[in-house]
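Grab a pencil and work through these exercises with the structure open beside you. Try each task yourself before reading its solution.

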Amino acid sequence: MTSSALALIAAAVFAWGAFSARLERADLTAPIAFVGVGVLVAGFSGFGADAGSTGVTVLTEATLVWVLFSDAARVGLREFRREAGLYGRLLGLALPLTVVAGAVGAWAILGISTPWLALLIGAALAPTDAALGAVVITHPAVPDRVRRLLNVESGLNDGIVTPVVMVALAGAASAPGHAGATVGAAALQLVGGALIGVAFGAGGGALLRVAGRRGWAADNFAGPAVLALALVAYAGSLAVHGNGFVAAFAGGLAFGHVAGRGGPREVFYVEQTAGLASLLVWLLFGAVAVPLLYDRIDGGLLLYAVVSLTAVRMIPVALSLIGARLGTRTVLFVGWFGPRGLASVVFALLAVEQLGERARPAVAVIVLTVLLSVVAHGLTAGPWAARYGAHAGADHEARRAA
């Protein structure tokens, strides 16, 4: 990295911190801004990197670990039980249908004949990213129930779909005739990762709770301790050949349940750090991943990306919410705001790392779909949230009057 590239990156982060609220009111989201900065850095500042390079992989994996841990830790069990039926519909029915529809679409539209590679595409593009539609999650006009629904869904679906991605990678990487053994080993890694994550998360949460109550832990360092705990769960799982991402997710769930009153404050530090790291990941996405599309975009690739962001997401959501009494507008709103983001980028990089050149078709379609999602969901979040919120408020007043 040249000094001019470093200066541009640092200036972009500072400028976003100084003007982020104003820019977001103008419907410019952080992913849109930093993907654009990444393209500029790659084009004019001499920045050079490879999608499979160690630095890129480490940053993206660490960011996903922190996002998985913090999202899982924020899931309150009491709140989850109150709307468990809706969450179960989206995560237990809509999510698997989205994975299957995405895999079938990869076979039918893109001609991906390898089942494991088609499954990889469908699973990698199934999880949603609330950060791309943050305006929707925080918009005061959107009803609290809908905001919670979208937030919890995006917080949990990347952790749930991670095992599917890992199994698909294992199957795609295995030699013909030996896929069963490799997938079986991947399944054992998932179970081991979950157990290790729960052990580290619950143990770390209990230790910090006792330390805080007895005055052993300084308040200004409890946050960094939890940041490290997420990485300990991830690396500890990898050390014994478990699945690190599942460990981070399970560790966050266990930590949030055990940590007590100090937990949310400590998790906030993890969220802040993950937010900074995600800006850099989006910048790398613009600098490293977007150039991969320059000579690969064709009609089939573009068609699949559009179908993935619309029908593949919205039809399963609509089917899963039949009988939930949410109303047509709400179902369409929830179906559309399923942006693809950080988790999909990390899964694409993992595919490059484990499959090499065989991953190119999958990586190209994932990158294009995420890029379209960054623009489409970023630009529509503010206006559509305001319009939907106005209709939802009018409907609520009508029901009260009736």
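## Exercises on a predicted model

**Exercise 1. Find out how much space the second largest cavity holds, and describe its lining.**

Solution. Start with the volume: the second largest cavity has about 80 Å³ of space. Next, look at who surrounds it: eleven residues form the lining, and those closest to the centre are Ala130, Ile137, Leu150, Phe337 and Pro339. Remember as you go that this is a predicted model.

Now sort the lining by class: six residues are nonpolar, three are polar and two are charged. Then ask where they come from. Helix H7 (134–138) and helix H8 (144–173) each give at least two residues to this lining, and H8 has the largest share, with three. To finish, put the cavity in context: the structure has three cavities of 30 Å³ or more.

**Exercise 2. Check whether the length of H8 agrees or disagrees with what its residue count leads you to expect, then look for a kink.**

Solution. Step one is the expected span: H8 has 30 residues, and at 1.5 Å a residue they should span 44 Å. (The expected span is 1.5 Å times one less than the number of residues.) Step two is the model itself: the end C-alpha atoms of H8 are 44 Å apart, so the two values agree.

Step three is the kink. You'll find one of about 30° at Thr162, shortly before the proline Pro163. One last thing to note is how covered the helix is: 23 of the 30 residues of H8 are buried.

**Exercise 3. Describe the largest pocket: its volume, its lining and the helix that gives the largest share.**

Solution. First the volume, which is about 1100 Å³ for the largest pocket. Its lining takes in 34 residues, and Ala131, Ala134, Glu271, Gly275 and Ser278 are the closest to the centre. Several helices give two or more residues each, among them helix H1 (3–25), helix H2 (30–44), H3 and helix H16 (342–355). The largest share, nine residues, belongs to H12. Split by class, the lining has 18 nonpolar, eleven polar and five charged residues.

**Exercise 4. Is Thr63 buried or exposed, and which residues does it touch?**

Solution. Begin by placing it: Thr63 sits in helix H3, which covers residues 54–73. Its relative accessibility is 0%, so Thr63 counts as buried; the cut-off for buried is under 20%. Now set aside neighbours within four places in sequence, and you're left with contacts to Ala274, Ala277, Ser278, Val281 and Leu342. Recognise one of those? Ser278 also turned up among the residues closest to the centre of the largest pocket.

**Exercise 5. Work out where Gly102 lies, whether it is buried or exposed, and how far it is from Arg313.**

Solution. Gly102 belongs to helix H5, residues 84–110. Its relative accessible area is 2%, so Gly102 is buried. Now compare sequence with space: Gly102 and Arg313 are 211 residues apart along the chain, but their C-alpha atoms are 8.7 Å apart. Leaving out residues up to four places away in sequence, Gly102 touches Gly122, Tyr304 and Val312.

**Exercise 6. Summarise the whole chain: what secondary structure does it have, and what percentage of its residues is buried?**

Solution. Count the elements first: there are 17 helices and zero strands. Then take burial: 51% of the 402 residues count as buried. Finally, consider contacts with a separation of 6 or more: 85% of them join residues 24 or more positions apart.

Note on methods
Residues are numbered from 1 along each chain as its sequence is written. This is a predicted model: local features need pLDDT of at least 70, side-chain atom pairs count only at pLDDT 80 or more; totals for chains, interfaces and linings use all residues. Side-chain values use heavy atoms; hydrogens and water are left out. Helices (H or I, at least four residues) and strands (E, at least two) are DSSP runs, numbered from the N terminus. Buried means under 20% relative accessible area, exposed over 50%, partly exposed in between (1.4 Å probe, protein chains only). Contact means heavy atoms within 4.5 Å. On a 1 Å grid over the protein atoms alone, a cavity is a set of points where a 1.4 Å probe fits but cannot get out, and a pocket is an open set with protein on both sides within 12 Å along at least five of seven lines; lining residues have an atom within 4 Å of a point. Grid points are joined across faces, edges and corners, and a volume is the space filled by probe spheres set on the points. Ala, Val, Leu, Ile, Met, Phe, Trp, Tyr, Cys and Pro count as nonpolar, Asp, Glu, Lys and Arg as charged, and the others, Gly among them, as polar. The bend at a residue is the angle between axes fitted to the seven residues ending there and the seven starting there.
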